Amino acid sequence: MTSPPPRLLQTLKLMPALEARLASAFDVHRLADEADTPAFLAAHGGEFAGLVTSAAVGANATLIDALPNLRVISSFGVGLDKLDLAAAQRRGVVVGYTPDVLNDCVADLAFGLMLDAARGLSAADRYVRRGGWAGATSPFPLGRKVSGAKLGIVGLGRIGSTIARRATGFEMSVRYHNRRPVPGAPWMHEPSLSELARWADYLVVIAAGGAGTRHLIDADVLDALGPRGFLVNVSRGSVVDEAALVRALVDKRIAGAGLDVFENEPRVPQELLALDNVVLLPHIASGTVETRQAMCDRVFDNLQLFFSEGRLVSPAPF
Ligand code: NAP
Ligand code: 8YV
């Protein structure tokens, strides 16, 4: 007699191909379909051995504790700032996530934002569409050069290192700030974040989110970056003091910014919408067909390996 497939609770709507694949191997229930989540969890929480979630949704201690027989969490994304790892560890629940497979696309997008903010690509596109070029009385404003400039990276991890390698092709000088120097990294470690900002023409933020990095980029760091410096944030909105950034952009105390992430997504500060010195994206850094497929595969593979062999392809660090 074969045993029934493990029962999984899914916190959010996932890509249809992943939902179909999960449904082919597991008994999946979508929590988002429940009108009364606490009542559902009180009645059925004990049925689930696995939880499928994402970096955007995560899993808090209340949810984890509402699933007394939970053994594994598989998260779509690399960020763990919304997943209560301590609560999972306390309960002996292992956590799988999707590192590395998204490095290329997030690094590519960081360069896209750098080029757009510096050369005004989005602003120039808006200018052409509104007929500004045809009726021009003065030329479109000059941008700033990216090739050969100084790139400061805040968070030289998997993605930060990929960004640093991309910079070689742009003949940029690279320095970085982490809490600890990365052994063997060929780029100079700058122990002071303000000094890195003062040195850099472009400051790219790709440190992990969470309490430890909240508002790491504050008014002082922005002032150190100065009126010729550009900020790019592809990590988490929480890493930047958004109110301070808005003031710095409005007052032109920094040259510009490229932002994929915000403090209260999907809310974008109203003041930014009218500014041409900032590029605003809806958290799309990993959003390509290829990368999202690889992330889906990793979500599935983590679960399959856990239930067949008791281990994960990509275990989150506790
Ligand atoms: P990772 O390999 O863990 O790298 C994170 C880096 O942050 C490490 O180098 C770490 O170095 C540094 N860091 C942590 N705390 C710091 C602090 N207080 N000050 C300075 N540096 C600090 O992670 P990853 O895979 O590169 O991903 C990085 C983050 O990117 C994710 O956590 C996620 O939030 C974000 N992300 C965003 C998107 C998007 O769609 N926009 C997509 C993927 C990832 P130390 O420990 O030495 O300080
Ligand atoms: C995801 C991300 O698109 O991996 C992460 O941490 O921020 C993005 O790749 C998104 O968070 C999925 O929920």
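This report covers two ligand sites, two helix pairs and two backbone features. The model is predicted.

**Ligand 1**

Start with the surroundings of ligand 1. Its shell holds 27 residues. Closest are Arg158, Ile159, Asn178, Arg179 and Asp260. By class, the shell splits into 12 nonpolar, 10 polar and five charged residues.

Three polar contacts are listed in the table below for ligand 1, each through an oxygen atom of the ligand. The partner in isoleucine 159 is a polar backbone atom, at 2.9 Å. Alanine 208 also offers a polar backbone atom, at 3.3 Å. Arginine 179 uses its side chain instead: an N or O atom there sits 2.8 Å from a ligand oxygen. How much of ligand 1 does the protein cover? On its own, ligand 1 has 920 Å² of accessible area, and the protein covers 88% of that.

**Ligand 2**

Ligand 2 is surrounded by 13 residues. Val78, Gly79, Arg236, His283 and Ser286 are the closest. The shell consists of six nonpolar, five polar and two charged residues.

Here the table gives three side-chain partners. Arginine 236 places a polar side-chain atom 2.7 Å from an oxygen atom of ligand 2. Histidine 283 does so at 2.8 Å. For serine 286, an N or O atom of the side chain is 2.8 Å from a ligand oxygen. Of the 330 Å² of accessible area that ligand 2 has on its own, the protein covers 89%.

| Ligand | Residue | Part of residue | Distance to ligand oxygen |
|---|---|---|---|
| Ligand 1 | Isoleucine 159 | Backbone | 2.9 Å |
| Ligand 1 | Arginine 179 | Side chain | 2.8 Å |
| Ligand 1 | Alanine 208 | Backbone | 3.3 Å |
| Ligand 2 | Arginine 236 | Side chain | 2.7 Å |
| Ligand 2 | Histidine 283 | Side chain | 2.8 Å |
| Ligand 2 | Serine 286 | Side chain | 2.8 Å |

**Helix packing**

Two packed helices are described by the angle between their axes and the distance between the axes. Take helix 1 (residues 16-25) and helix 12 (residues 289-309) as one pair. Their axes are 10 Å apart, and the packing angle is about 15°. An angle under 35 degrees counts as roughly parallel, so helix 1 and helix 12 are roughly parallel to each other. Their crossing is right-handed.

Helix 5 (residues 103-119) and helix 7 (residues 158-169) form another pair. Their axes come within 9 Å and cross at roughly 55°. Helix 5 is therefore oblique to helix 7. In which hand does helix 5 pass helix 7? The crossing is right-handed.

Helix 7 also links back to a ligand. Its residues 158-169 take in Arg158 and Ile159, which are among the closest residues to ligand 1.

**Backbone features**

Two loops deserve a look. One runs between strand 11 (256-259) and helix 11 (270-273), and proline 266 lies in it. Which residue is joined to proline 266 by a cis peptide bond? Glutamate 265 is the partner, with omega at about 5°.

The other loop lies between strand 5 (94-96) and helix 5, and it holds aspartate 100. Phi of aspartate 100 is near 70°. That is a positive value in a residue other than glycine.

Key. Residues numbered from 1 in each chain as written. Chains lettered and ligands numbered in written order. Predicted model: local features only at pLDDT ≥ 70, side-chain atom pairs only at ≥ 80, totals over all residues. Heavy atoms only, no water. Near = heavy atom within 4 Å. Polar contact = N/O pair within 3.5 Å; in protein donor to acceptor, adjacent residues only side chain to side chain. Areas by Shrake-Rupley, 256 points an atom, 1.4 Å probe, with all protein chains shown as cover. Nonpolar A, V, L, I, M, F, W, Y, C, P; charged D, E, K, R; others polar. Axes fitted to C-alpha atoms, helices over the stretch in contact; angles between N-to-C directions. Helix = DSSP H or I, 4+ residues; strand = E, 2+ residues; numbered from the N terminus. Parallel < 35°, antiparallel > 145°, perpendicular 65-115°, else oblique. Left-handed = near helix turned anticlockwise from the far one by under 90°.
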